[in-house]
Amino acid sequence: MGTATRRLTVAQALITFLSRQYTERDGERHRLIDAVWGIFGHGNVAGVGQALVEADGAMRYVQGRSEQAMVHAAVGYARQSGRLSAQAVTTSIGPGATNLVTGAALATVNRLPVLLLPGDTFATRPADPVLQQLEVRASGDVSVNDALRPVSAYFDRIVRPEALVPAALAAMRVLTDPAETGAVTLALPQDVQVEAYDWPAEFFAQRVWRVRRQAPDRHELADAVGLVRSARRPLLVAGGGVHHSRAEEALAVFAERTGIPVASTQAGKGSLAHDHPRDVGGIGHTGTATADELARAADLVIGVGTRWSDFSTASATLFANPDVRFLNLNVTGFDAHKLAAHPLVGDARTALEGLTAQLAGHRVEPAYEAAYGEAKEHWEARVTAAFAAPDALARPTQGQVVGALDALVTADDIIINAAGSLPGDLHKLWRARARDQYHVEYGYSCMGYEIPAAIGVLMAEPRRPVWALVGDGTYLMNPTEIVTAVQERLPLKLVILQNHGYASIGGLSESVGSEGYGTAYRFRTGGAAGAAAGGSDRRAGTYTGDPLPVDLAANAAALGMRVLRAKTVRDLREALALARAADAPTCVYVETETPDTVSAVPPAQAWWDVPVAETAGRPAAVEAREVYDRNRAARRRHL
């Protein structure tokens with residue numbers, strides 16, 4: 001008796017296969033590929049497009065407006081789903097495919113699963129070149145899709161129908177591997193997509209991918225216990241791996257029983273609620289004074305689920321104790337060995353539970369607990385001061401905008417941000433009430449992430465208030481998915497903070513001696529044109545005139561949102577409340593104070609290494625270099 005087969009095109013087989021894949025962790029089952037985002041062109045409309053029609057509702061389709069934004073939306077969905085469910089993105093060949101690169105990099109940097117299905121040029125080469133094909137003279141088998149290789153956790157090109165079987169299985173393995181996940185790319189030549197093949201029926205059987213909880217090696221665990229017991233001033237740094245593992249409760253038990261304070265990276269914020277006695281806030285360049293002072297004196301730093309970026313380590317200047325040691329609990333050996341740490345490779349929840357059990361009876365000294373508890377109270381007073389708005393009829397600062405939202409939300413709300421000055425303010429000030437409330441993408445810090453990511457989060461959590469917070473620079477990068485929110489009837493809540501320029505990079509430019517060059521949305525009055533117009537600043541490229549008459553609120557309204565304009569603190573509070581109650585896409589537009597007072601929050605509590613010109617003729621750059629040299633002198637390699 002022969003093996004049963006089913007005759008389908010490659011695209012039809014792929015969509016059918018994807019509709020029958022599931023994940024399972026802790027006994028809970030989830031559909032692995034929840035939906036396919038797409039923009040159709042000649043490279044995928046007759047293949048994947050026709051297959052989605054043929055699927056007749058077995059796979060949800062969502063129409064996007066920007067290929068990069070579609071990936072961001074899928075990433076937002078995957079993060080909110082705890083990496084147990086993901087989405088796919090299909091594009092045509094050429095620019096549609098290359099527009100995926102930024103989103104793919106963001107997904108892989110943040111270790112979040114997304115399946116990319118870009119169309120590709122003909123495998124059979126009946127005409128060469130075809131429309132949108134990049135000709136690489138030294139290599140006939142390269143297409144623009146190869147740009148996705150370095151930003152993908154897995155890449156394959158399906159040049160024969162039968163190659164789909166091992167490639168699809170490998171793709172699912174990587175998407176569901178907690179240590180290896182990221183963007184997975186299956187490049188699909190447009191002629192192969194529509195080619196028919198007799199597929200083994202087993203290929204379409206329901207398949208469950210168990211997401212493992214890897215237990216730590218007993219010798220590494222014993223070493224970790226010894227390190228913790230010998231430390232007098234330990235500090236735990238919670239990263240995004242705590243959330244991915246759903247290890248928040250295990251972390252809380254560990255912290256409560258040992259008394260060890262818990263700081264958090266951007267990805268790890270919310271691992272403990274803000275009012276938990278052991279939570280000391282964000283760490284690093286955008287961290288709190290409490291966490292950073294503890295880090296400077298710590299003799300043991302326990303990193304849980306963090307990849308240790310330069311913002312978290314203050315560019316290797318933060319951990320100043322000459323005797324400091326590191327213990328890294330991470331699901332990947334790659335991250336566990338960073339900073340020459342003692343590795344504890346394993347699932348965050350499983351390993352924390354093991355540590356807690358073997359540390360029974362161990363606790364830090366009461367004086368240490370009392371000291372960081374008092375420091376936490378002092379920082380909370382600074383947060384309250386930054387949020388305070390004594391004049392309700394005044395234009396709000398950015399800190400007051402954050403404070404007004406903080407006063408309104410509950411644990412149900414989800415806050416999304418990625419770039420500009422807001423991540424720093426949020427990391428220092430935001431009072432996270434739930435493990436998944438704080439959603440700041442700071443691994444790639446990609447401008448334009450917020451709006452599409454909020455759509456993805458809403459697809460995962462349709463009944464929760466979801467806020468996308470953007471500055472004017474970020475909004476102009478990628479507003480088009482507002483149309484998708486309108487089309488899908490998703491009650492996106494968008495807050496646009498208008499400060500007429502790239503305020504974050506403008507402040508950085510000033511600090512490194514570049515004098516704010518090219519960082520404002522203003523009429524050009526410098527240089528020859530400016531001199532002719534009466535401008536006083538003759539430097540080419542300066543923008544010293546009035547702000548440009550750009551109305552971002554009108555733009556959001558034109559894309560289908562209800563827009564509420566807030567001119568004062570009182571207006572802002574009322575508008576935010578209306579937006580929260582809205583059941584349709586709603587935007588709150590607020591013009592904040594000038595860039596000089598953009599946030600009015602405590603400044604950076606630790607350094608960040610942005611190299612300054614070693615030689616320059618302008619005094620600002622010379623002075624900035626002197627400051628830079630003083631700061632970098634504290635940099636060290638932990639060996």
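A salt bridge here is a side-chain nitrogen of Lys or Arg within 4 Å of a carboxyl oxygen of Asp or Glu. The structure is a predicted model, in which local features need pLDDT of at least 70 and side-chain atom pairs count only at pLDDT 80 or more, while totals for chains, interfaces and linings use all residues. Residues are numbered from 1 along each chain as its sequence is written, and side-chain values use heavy atoms, with hydrogens and water left out.

Salt bridges come up 32 times when the whole structure is searched. One of them pairs E365 with R232, and the closest N and O atoms sit 2.8 Å apart. Helices (H or I, at least four residues) and strands (E, at least two) are taken as DSSP runs, numbered from the N terminus. On that numbering, E365 is in the loop between α14 (348-358) and α15, and R232 is in the loop between α8 (218-230) and β12 (234-238), so to speak a link between distant parts of the chain, 133 residues apart. As for burial, a residue is called buried under 20% relative accessible area, exposed over 50% and partly exposed in between (1.4 Å probe, protein chains only). E365 is partly exposed at 37%, whereas R232, at 54%, is exposed.

A second pair, E380 and R431, has its closest N and O atoms 3.1 Å apart. Because E380 belongs to helix α15 and R431 to the loop between α17 and β19 (438-440), this bridge ties together parts 51 residues apart in sequence. E380 is partly exposed at 25% relative accessibility, but R431 is buried at 15%.

That same α17-β19 loop also holds D436, which bridges to R464 in the loop between α18 (450-460) and β20 (466-471), 28 residues away. The closest N and O atoms of D436 and R464 are 2.7 Å apart. D436 is buried, with 15% relative accessibility, and R464 is buried with a relative accessible area of 15%. Elsewhere, salt bridges with shared partners join D26, R213, D347, R349 and E353 into one network.

E380 turns up again in the cavity search. A cavity is a set of points, on a 1 Å grid over the protein atoms alone, where a 1.4 Å probe fits but cannot get out; lining residues have an atom within 4 Å of a point. Grid points are joined across faces, edges and corners, and a volume is the space filled by probe spheres set on the points. The search gives four cavities of 30 Å³ or more, the largest with a volume of about 130 Å³. Its lining has 17 residues, and D279, G281, T288, W379 and E380 are the closest to its centre. Two or more lining residues come from each of β14 (279-282), α15 (366-387) and α17 (422-429).

Disulfides (cysteine sulfur atoms within 2.5 Å) number zero. The sulfur of C446 has its closest cysteine sulfur in C587, 20 Å away and too far for a bond. C446 is buried at 7%, and C587 is buried at 0%.

On the surface, L476, F523, L548 and V550 make a nonpolar patch of about 320 Å². Patches are made of residues with over 30% relative accessible area and no salt bridge, with like charges joined within 9 Å and nonpolar side chains (Val, Leu, Ile, Met, Phe, Trp, Tyr) within 5 Å. Accessible areas come from the Shrake-Rupley method with a 1.4 Å probe, and for residues only the protein chains shown count as cover. L548 sits in the loop between α22 (527-532) and α23 (552-558), and is partly exposed at 31% relative accessibility.

Technical notes
On a 1 Å grid over the protein atoms alone, a cavity is a set of points where a 1.4 Å probe fits but cannot get out, and a pocket is an open set with protein on both sides within 12 Å along at least five of seven lines; lining residues have an atom within 4 Å of a point.
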